[in-house]
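Reader: Could you take me through this model slowly, and explain the words used for it as you go?

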Amino acid sequence: MDSPQSPTQPGHDVPAGFMQDAQGRLVPLALVKAEHKLEDQLVRDLYAGALQQSAALRDFRGKAAAEIAAFLSLLADQYGAPRGGAKGNLTLSSYDGTLRIQLAIGDQLAFGPELQVAKTLVDDCIRAWSEGADEKLLAIVNDAFAVDKQGKLNVDRILALRRLAIDDEAWQHAMSAISDAIRVVRSKEYLRFYQRAKPDEKFQQVPLDLASV
């Protein structure tokens, strides 16, 4: 094992013969309990291993993306058009149908100032419907614009309002304002691998994170 607080990890500037506690204080090694030293070393060893696995996954993802891009380029040269779905989403399969790779593009969304207009229009609808309106519908609408503990709106809940079949002119104006408020903050590629024993069985995703292994 490496010595406590190895220079390859956080705490590398701690002088020899000391360990730094959670408050930033330097504690002589002689005053640190043996079990605390062992716990510290265990965490640092496993942390180093986690960094190596993270780097290996990052390298693999880059290699896979590059090879898929090269394959698509080859197809484009051969057929004169790229292979893929909307926003670049595509699925590649093995010849026997037991292996599958999915490349998906996910957009991170936010809302512009038009959302305030939409909220006002929705509030007007709620006030107009308050007498005799379905309480469940009112709860759904009110919950959609509620913020979490960090003061952030739930994008999925707000977008779900557009799927409600409400034939009301003011409501439709509000839904149009929500659509106009949508902003794509950034897009991210997701690479997923699937396998199945036989072509007629359901695909199972290959776990590439610790929680799913």
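**The aromatic pair and the pocket**

Author: The structure, which is a predicted model, holds 1 aromatic pair.

Reader: Why is the pair of Phe60 and Phe193 called tilted?

Author: The ring centres of Phe60 and Phe193 are 5.6 Å apart, and rings pair if their centres lie within 6.5 Å. Their planes stand at 40°, whereas planes under 30 degrees apart would count as stacked and those over 60 as edge-to-face, so the pair is tilted.

Reader: What makes this pair a tie between parts that are apart in sequence?

Author: Phe60 belongs to helix 1 and Phe193 to strand 5, so the pair ties together parts that are 133 residues apart in sequence.

Reader: How do you know whether Phe193 is buried or exposed?

Author: Phe193 has a relative accessibility of 18%, and buried means under 20%, so Phe193 counts as buried. Phe60, with a relative accessible area of 39%, falls between the cut-offs of 20% and 50%, and is therefore partly exposed.

Reader: Which elements supply at least two residues each of the lining of the largest pocket?

Author: Helix 1 (34–79) and strand 5 (182–195) each do so, and strand 5 gives the largest share, with 6 residues. The lining has 16 residues, and Arg61, Leu191, Arg192, Gln205 and Leu208 lie nearest the centre of the pocket, which holds about 350 Å³ of space.

Reader: How many residues of that lining are nonpolar, polar and charged?

Author: The lining of the largest pocket divides into 8 nonpolar, 2 polar and 6 charged residues.

Definitions and conventions. Residues numbered from 1 in each chain as written. Predicted model: local features only at pLDDT ≥ 70, side-chain atom pairs only at ≥ 80, totals over all residues. Heavy atoms only, no water. 1 Å grid on protein atoms, 1.4 Å probe; cavity = no way out; pocket = protein on both sides within 12 Å on 5 of 7 lines; lining within 4 Å. Points joined across faces, edges and corners; volume = space filled by probe spheres on them. Helix = DSSP H or I, 4+ residues; strand = E, 2+ residues; numbered from the N terminus. Nonpolar A, V, L, I, M, F, W, Y, C, P; charged D, E, K, R; others polar. Phe/Tyr/Trp six-rings, centres within 6.5 Å; stacked < 30°, edge-to-face > 60°. Buried < 20%, exposed > 50% of the residue type's maximum accessible area, 1.4 Å probe, protein only.
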